[in-house]
Structure formats: C-alpha cells, structure tokens
Amino acid sequence: MTYTDSVIKKAIANRSENNPQQALPYFSYTTYEKTIITDSLERENNAHAFFAEKVSENQYDETAGFKEEVLGFNMAGFTEPRYEVLGITLQSRSFYDEDYEIFNYRYAGPLSTRGLKNYYYAFVKDTMILNRSSLMIEFWPQRSETIPGLSGVLYLDAQTLAIQKMQIAIQDELIARIEQEYRYFAQEDIYMPASNKLYIEKGDTSKRLSFFRGKISVGTLENSPVKEAIEGRYLLSTSYNSAFNFSQSEKITHPNLAIEVLEDAGSKPETFWEEYRDQALSQRDLNSFKYLNDVVKTENIERRLAVINNFGIGYYTLDFFDFDLTYPVKFNNYEGLRLGLGGVTNADFSERFRLEGYTAYGFKDHTWKYGIGGGIMLNKSHGAWLSLTYNDDLQEVGSFNYLTDRRVYSLFEPRLVNITQFFDYKTLRLNQEYQITPKILSEFQFAKTNVLQTQDYTFVLGDEAYSEYDITEATFGLRWSPSSKIMRSEKGTVEIYDGYPKVTAQVSRGISGLLNGDFDFTRLGAKFFYQVERLNKSTTEFLIEGKMAFGEVPLTHLFHAYPNAPTKETVMQRFSVAGVNSFETMYFGEFFSDRLATLQIKHRLRPLDLGEKFKPEMVLITRYAIGDISNMERHQDVSFGRLNKGYTESGLEINKILFGFGTSLTYRYGAYHLPRTADNLAFKFTFNLQL
C-alpha cells in the first residue's frame, strides 16, 4: 500500500471523529443560497432563465438527523412559490457520505468506506489551510466508464485528516465543478462547511437543466421526465453558512420532516434578504425579476406547470376540475374496449371540499359503470379527508387492494388486458384518510357491497348457497416509508425522496348481520418492498408479500398471485404484454388461496450504451409463490388448484429495444412444471415509454 493510500485509509477510519454528523450530538447553522439557470455566462445586462434565493436554518441531532427549516424563499417571476424546487437535491451536504449526489446523479463519496475501491489517490504537496498544516491529495475514478466517479483535489488536516477544503470536477453527462470551503472550530475540534460554489454545464446529454419536471409510469417504467419548463445550459449555485451553534437549547420540532417551509417564507420583505445576502444582487440578477415575470405571465408558465405536475400523477387540469387519465381508454377480455371519463375537483373549486365521479362503457358486455362521491377536509396538516362514494363497477376475482398504496398512473395497465374473471359490485364506502406522521399514512374504510357474479359460481355454507351476496366490511391500512424524506409547506405534505424499504399492512373484517352482511371473515395482508440502486446503474428489487383470510370467505374475496397467462393453446396465442409484478406463466383462474406468500426478485443490469437513442436494458427475474386453501368444497361451479407445493418461474426482459418496446421470456419449473414444454413458456412484449 502506498503512502497516499495509507493516508486515505486512515482518513476513512477517522470519519467518526471528523464527520460532524458522527462526531457531534447536535449542531445547527443558517444558510443563504442563490441559484440561477442561464443560457449565457457573459456578464451583460440581460437576465437569467431562472433565479431563486433561499434562507434556511439547518439543524442536526443524532436521533432525528437533518432537518431544514426554510425561513425565506424568493423566486423570480412567480406569484406563488414553487415549493417543488425546494425538494430537489442540488448536491449532498457532506463529502463523507457514502453516495455523493449532484442534481440527481450519484457518485461514490471520496472518503466513503468504498473510497479505495472506486478512486485512485495521489499526494500532491504539503500546504497550509486555515493556518493549519494540510495535505493536498488528488483523486480520480478507477472505472469511470462503468462506475461514475468524482475527480478533484481534497485538502486534509495533517493532524486529524479531516477535510479542510474540497475542489471537484466532473466531465460526464454533466460537466460540473464544486468548491467547498470549511471553517475550523477549535473548541469542538471540528471543521464545518462554510461556503459552497456549484457550477453545472449540460454535457453529453440532450437533457436541458431544469427544476420543473413531472413523473409518469407507463408499463413497467416509473419516474421519467415528462417535460421541462424554464431551462438553460448552465446552473450556478452559491451558498454561505453562518450562525453556527453546537449547544442544543431545544429539541428539533417535527423531526420526521426533512424540510419545513414556514408560512411566511414566500413573502419576506427586501430588508430580510439584505440581512442575509453575502453581497448585493447584480444588475443581471435584478433584471431577472422583470424578465421572468414577463415570461411566466406571457407563456402562462404557472398554469403549464400545474398541468405538468398533475399529468405526472395521472390528471389533466381544466380550471377547477382534474380529469383522471386512468379512465378514458382500457381493454380487457370481459368488457372489450372500455371508454370512460371522470375526475375530481381541485383547490380552485374548494380547499375544504371535493367532488368526484366517473362513468365508463364496455363495448363487449354492453354495460355502463359509474361512480360518484365527495369529501371534506378535516385536518390539512395531516391530510385528513373524510369521503363518501358509491360505485357500480367490475373488480377482478381474487384481487386484494391496499387502501394506502400510492396512486400509480399508467397509460395502460398491462395485466388488465388479459383478465377474464370479474365480479360485478355495487358499493357504498365511507373513507377516512389520515397521515399519522409524515412517514406513516393510514386509511380506514367502512363499506357495504352487493356482489353479483359475471360467470358461474356458487358459494355454499351448510344448507345455504349464494351466487349473489352482501358484504359489510371494515378495513384499516397503514403504509410506512421510514427512509423517505418529507417536505411540508402551506400547500401540504409531499415526499421529496422515495426511500426504501416500504412496508404496507392491512386488515379487514367482514361482519354478518350488520347492514344485511352475509358473512363473517377476516383478511390480512402485508408487503415489504426494497430496492438497491448501485453506482454502476444496476438495480435489484425485492418484493415480499403475505396474505391470509379465515372465516366465511367467498372466492371473490380470496387471493390469487397475480397470474398473467391467458388460457390459450400455444405460446404465440398467449403472446401479450408482460405485467409489472405478475406471474407470467401462471394461468388465470389456475390457483386461489386463503393463505398466500410470494417473493419476487428483479435484477436490472446496467443499460447497454448503443447510442443516445438506443440504450436497451436486461432484467433478470425470479418469482416464487406458495399458498393453500381450506374448505375448497364451498366453492362450486368453478375449478382451480391448490398452491401448496410452491410455484417457481424465472426469466428475463430486454427492455427499450425500439420505441419503448421490449420483450420478455419466462419459464415455469419446479412442482407445477407442466408436461408440455411450450405450456411452461411465456413469451411477451414489454413497454417502457419516456415522455
């Protein structure tokens, strides 16, 4: 091991003493930050394409972690603050972090535990920083083509090997330069970041730099850019820290929030900004206010951004009404082509009340479906809505929907195309949504449902036989995202970092005799989702789910393992679209269970770089399911099997081959392997679309 490597190894070992987040039980400081996006770096008296400044108090304690309280927020051109900008991570707080993030690009931290595996280091010279002896060390990535890394120079205290100064350069899809200065506090024997300068230039990518982006899920793809509004070629951000405090006089309020925006943060007077600015605004900065005010007004940017943001979660906004984009066009084997229209009122209608509704028509079953309802806001800070809805529609037999699952918008739903087994229901529901903490969502539902069969089925209990029945059911669900980061402003609470794991649990109780309910039963469900994202751009996903029902449970309320194989003779006749988390080789109606556990593992390899427009990716998939059912004789006029031997399938997907289309091949093996090889194969196409 070289001298430099031994120094770096010791510096990494000393992180617990040098990293403020490990060495100190509490600290806080105030930050002034100014960010611009522009198409020109010339110092003419023109204007920027984006200008914002912010003042915040950053607090840290060893229990709650970091919390940012935004005291003031000033964005040129907008009558109302665009709080989504505050949720974007321009760069990580500390170079000691395992992953260092710059504008959504992740790199290995130069003093992380993986530093020596990802970087080369070279001693440059001895020098002086802040009147203390310093070691100047250059570093650069070992495998820049496969694992993106930082390049630059770090200055380490010769005695403690703490970071005294950092200079970074990146030449990748982004061209970036960072210079971070530190301040030494002798009493605490710690270096704290004092100033930071970030410069980003659009590099070898067609993407422009922008803060305004929507998100969409199409097929099996999530979180893709939809559109960019105010954008430019260069981004410059400077921040200065002051008012450092190391004695905790009071606890951090609302510690589950990563960012809390004070109510008056967007309306601070000029005297407030003069107090915190390190220097007066330039003429070009000042020009930006009038210029961007004209641009935002002329181009109707605020309206466009509202449309983009809602489109990303599946709505199109028209005045006071958000049209639900999941309704217009669907297709399945029972309804055939299904056309619909629906949506919900927004805050322009009322911030306390909402009305919702939809109607749809199936051209194969020649039947209208509809829903109507409304809600009242009980507590804005906790997202507490009380809603009453009525629906007359179809639902898949054996499906189990978690109340608190986040809404996922798809241009089409892959499994829906192949489903054949539905039941007709008429349901009156009372729902109470409540955010217990920023990271724990809850919902309670009380529902009265009348079930009608669309195919032959009879549920037999003793001397009674039911093909039509009433179910009175109370349901309670929770969703916990312990690693997500949450921001709260006057506009509400939003998730700004989608962390893992995600844990969802739900329990429901069917009650006989209440509102003419026919059956007593209990249904339980829980799932655990975890995703590992690597610096080489590969990803591994784990989904574990368990469900159980006991009591008088009809087939409609039992469980399936999300089968997605049409019951047709040949492989090519079964050719269709692959689902997201479905068993591609399991036939519809093949198994139903009252006890079911599933495990799914997906490993997405690093995309192949075959050109800017052609980057196919391979995904390796394995799925396993095991279950069983009691009292199978209760279910008459229908045939299905037990899943008690364990079901296994594996396969691969090659996505984004052409125009978002790809292909998948899955093979069924193990206890439920079928005699004919072709019956164990599922050959399908995948669809991943980026807008």
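Which residue has its charged end over the ring of Tyr155? In this predicted model, that residue is Lys165, whose charged end sits 5.6 Å from the centre of the Tyr155 ring. A lysine turns up over a ring elsewhere too: Lys268 lies over the face of Phe272, at 5.1 Å from the ring centre.

Phe272 is also a good place to start on the aromatic pairs, of which a search of the whole structure turns up 40. One of its partners is Trp273, with ring centres 5.1 Å apart and planes at 90°; planes over 60 degrees apart count as edge-to-face, so that is how this pair is classed. Both members of the pair, Phe272 and Trp273, are buried.

Tyr276 pairs with Phe272 as well, but the geometry is another matter. Here the ring centres are 5.0 Å apart and the planes meet at 50°, so the pair goes down as tilted. The two residues both belong to helix H5, which covers residues 270-276, and because they are four residues apart there, about one helical turn separates Phe272 from Tyr276. Their surroundings can be set side by side: Phe272 has a relative accessible area of 11% and is therefore buried, whereas Tyr276, at 26% relative accessibility, counts as partly exposed. The cut-off that matters here is 20%, since buried means anything under that value.

Away from helix H5, there is an aromatic cluster to look at. Phe27, Tyr29, Tyr60, Phe66, Phe185, Phe244 and Phe246 come together as one such group.

Key
Residues are numbered from 1 along each chain as its sequence is written. This is a predicted model: local features need pLDDT of at least 70, side-chain atom pairs count only at pLDDT 80 or more; totals for chains, interfaces and linings use all residues. Side-chain values use heavy atoms; hydrogens and water are left out. Rings of Phe, Tyr and Trp (its six-membered ring) pair if their centres lie within 6.5 Å; planes under 30 degrees apart count as stacked, over 60 as edge-to-face and the rest as tilted. Buried means under 20% relative accessible area, exposed over 50%, partly exposed in between (1.4 Å probe, protein chains only). A charge sits over a ring if NZ of Lys or CZ of Arg is within 6 Å of the ring centre and within 35 degrees of the ring normal.
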